[in-house]
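User: I would like to learn how to read metal sites, cysteines and pockets in a model. Please take them one at a time.

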Amino acid sequence: MADKKEKLFYQQKNAYDIISDEEKKACYDYSEGYKKYLDNCKTERMSVKYSIALAEKEGFKPYVPGMDIKAGDRLYFNSRNKALFLAVIGTKPLSEGINIAAAHIDSPRLDLKPVPLYEDSELAFFKTRYYGGIKKYQWVAIPLELYGTVALKDGSTVEVSIGDKPDDPQLVITDLLPHLGADQMKKTLSEAFTGEGLNILIGSRPDKETEGSDRVKMTVMSILNEKFGIVEEDFLSAELEAVPAYSARDLGLDRSMVGAYGHDDRSCAYAGLAAILETKTPEKTAVCVLADKEEIGSEGITGMKSRSFEWFIGSLCDKKSVRLEDCFANSFCLSADVCNAFDPNYPEVSEKRNNAKLNYGTAILKFTGSRGKSGSSDACAETIGKLRAMFEKGGVIWQMAELGKVDQGGGGTVAKFMAERNIETVDAGVPVLSMHAPYEVVSKIDCYMTYKAVKALYLYNS
Ligand code: MN
Ligand code: MN
């Protein structure tokens with residue numbers, strides 16, 4: 001009775017068994033733009049800069065508080081060069097709500113400490129403080145690049161980038177040779193690789209003119225001074241971030257996947273950005289949020305907890321004499337963030353029926369959190385119901401997911417901070433293999449379907 005099964009059972013299908021050849025091609029074409037985005041956006045600051053450049057090409061203008069706004073206007077608000085809000089003003093009044101896609105552009109990495117530079121045994125190093133959830137053993141013996149901003153006392157800033165050009169030098173954290181690793185191998189992973197052990201090797205040549213100690217440190221500081229005009233004290237007011245020096249590449253013999261650093265959450269950031277750049281004049285105002293600081297709990301002035309979001313949307317509402325509270329109460333937010341994809345190498349952490357699978361489309365998470373949904377936003381059934389309708393209209397291939405099996409661990413996103421604003425919110429995003437590793441894996445179809453999911457929100461949630 002195949003018909004009866006078809007009628008009554010929920011059956012998930014691999015996206016490759018559903019999509020047309022044209023749409024498969026669209027997925028693969030989309031990934032070309034995404035790979036470029038990844039290579040140009042290794043940090044939140046780089047993401048803001050590159051996203052603004054793309055937006056300006058599509059007619060987006062910087063938002064100035066108090067400026068007149070009308071349907072069809074394309075605006076962006078740059079929040080301290082580390083977060084970005086984009087909006088296309090709709091025909092409906094803001095009191096009827098806005099459609100928001102909120103992704104984040106910070107990724108796990110190694111930040112330099114305020115006093116990072118030192119020499120030991122005639123080698124120069126940077127001390128680091130890791131940012132976000134990392135497995136420390138993954139960050140040793142891989143090539144690293146360094147990006148960031150140094151703020152000087154005169155109010156000017158210096159942009160630092162080491163490693164982005166093909167002939168630039170790279171940096172590394174050393175590991176022990178296996179020949180001498182007997183004691184190391186007996187330790188647990190967290191004991192063998194400590195936070196204070198993640199020191200980046202940056203030089204080995206002593207400065208000839210310097211006498212006594214710190215001659216290698218002098219060589220390195222001289223190079224930094226020559227290249228960027230900074231002195232050691234300037235590190236005190238700097239944000240310098242070491243990230244994996246991998247460029248985004250097709251992965252697999254069939255090129256069905258993309259391997260890169262930072263899919264969490266640039267796969268969703270790019271999806272939101274690509275969708276809003278194509279949005280003409282929607283009914284409800286479309287908003288794309290590229291937030292910072294998600295990996296450390298959405299804290300800080302550029303994180304999703306910050307009222308900079310109220311400042312931007314509230315300012316639009318003021319202009320139209322709409323209460324911000326009314327706007328939020330009628331708004332809808334796709335918290336666009338990645339989740340884990342089922343990994344047959346580690347099946348024990350997932351419950352197969354409810355874990356996202358690669359190539360099954362964008363993953364909707366009703367709840368995240370850990371244990372008994374603790375720390376989760378847990379979207380209403382009605383909210384998921386609305387999504388089902390939107391996605392059907394938009395031809396989105398999607399799947400329901402949860403992050404690992406019960407009591408295995410868990411995680412959170414910006415969802416609960418949007419829900420706190422009385423905005424109807426649900427998590428949706430790209431399933432990732434090796435999530436939070438220096439080199440993560442996603443499926444091209446899942447990335448494209450996340451972009452289509454945001455488009456469906458902007459077009460059909462009216
Ligand atoms: Mn994330
Ligand atoms: Mn993350």
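Analyst: What follows goes through metal sites, cysteines and pockets in turn. This is a predicted model, in which local features need pLDDT of at least 70, side-chain atom pairs count only at pLDDT 80 or more, and totals for chains, interfaces and linings use all residues. Residues are numbered from 1 along each chain as its sequence is written, chains are lettered from A and ligands numbered from 1 in the order in which they are written, and side-chain values use heavy atoms, with hydrogens and water left out.

User: Which protein donors does the manganese ion (ligand 1) have?

Analyst: Donors are N, O and S atoms within 2.8 Å of the metal (3.2 Å for Na, K and Ca); water is not among the atoms, so sites may look incomplete. Here the manganese ion (ligand 1) has His104 (NE2), Asp264 (OD), Asp337 (OD) and Asp337 (OD) as protein donors, at 2.1 to 2.6 Å. Along the sequence these donor residues follow H-x159-D-x72-D. Histidine 104 sits in strand S4 (residues 98-104) and aspartate 337 in the loop between strand S14 (332-336) and strand S15 (339-340), so the pair ties together parts 233 residues apart in sequence. Helices (H or I, at least four residues) and strands (E, at least two) are DSSP runs, numbered from the N terminus.

User: What are the protein donors of the manganese ion (ligand 2)?

Analyst: They are Asp264 (OD), Glu295 (OE), Glu295 (OE) and His436 (NE2), which lie 2.0 to 2.5 Å from the manganese ion (ligand 2). Their spacing along the chain is D-x30-E-x140-H. Aspartate 264 bridges the two manganese ions, ligand 2 and ligand 1, which lie 3.3 Å apart. Aspartate 264 belongs to helix H7 (residues 263-278), while glutamate 295, 31 residues apart from it, is in the loop between strand S13 (285-291) and helix H8 (308-319).

User: Are these donor residues buried or exposed?

Analyst: Buried means under 20% relative accessible area, exposed over 50%, and partly exposed in between (1.4 Å probe, protein chains only). Aspartate 264 and glutamate 295 are buried, and histidine 104 and aspartate 337 are buried too.

User: How many disulfides are there?

Analyst: A disulfide is a pair of cysteine sulfur atoms within 2.5 Å. The count here is zero. For cysteine 27, the nearest cysteine sulfur is that of cysteine 447, 9.3 Å away. Cysteine 27 is buried, at a relative accessible area of 0%. For cysteine 333, the nearest is the sulfur of cysteine 288, 10 Å away; cysteine 333 is also buried, at 0%.

User: Where does the largest pocket lie?

Analyst: On a 1 Å grid over the protein atoms alone, a pocket is an open set of points where a 1.4 Å probe fits, with protein on both sides within 12 Å along at least five of seven lines; lining residues have an atom within 4 Å of a point. Domain 1 (2-107 + 261-458) and domain 2 (109-244) both give residues to the lining of the largest pocket, so it lies between them. The domain bounds come from an automatic or database domain assignment. The largest pocket has 44 lining residues, with Asn340, Leu403, Gly410, Met435 and His436 nearest its centre. His436 is also a donor of the manganese ion (ligand 2).

User: Which residues are closest to the centre of the second largest pocket?

Analyst: Asn40, Arg45, Met46, Lys49 and Tyr147 are the closest, out of 27 lining residues. H3 gives the largest share of this lining, six residues.
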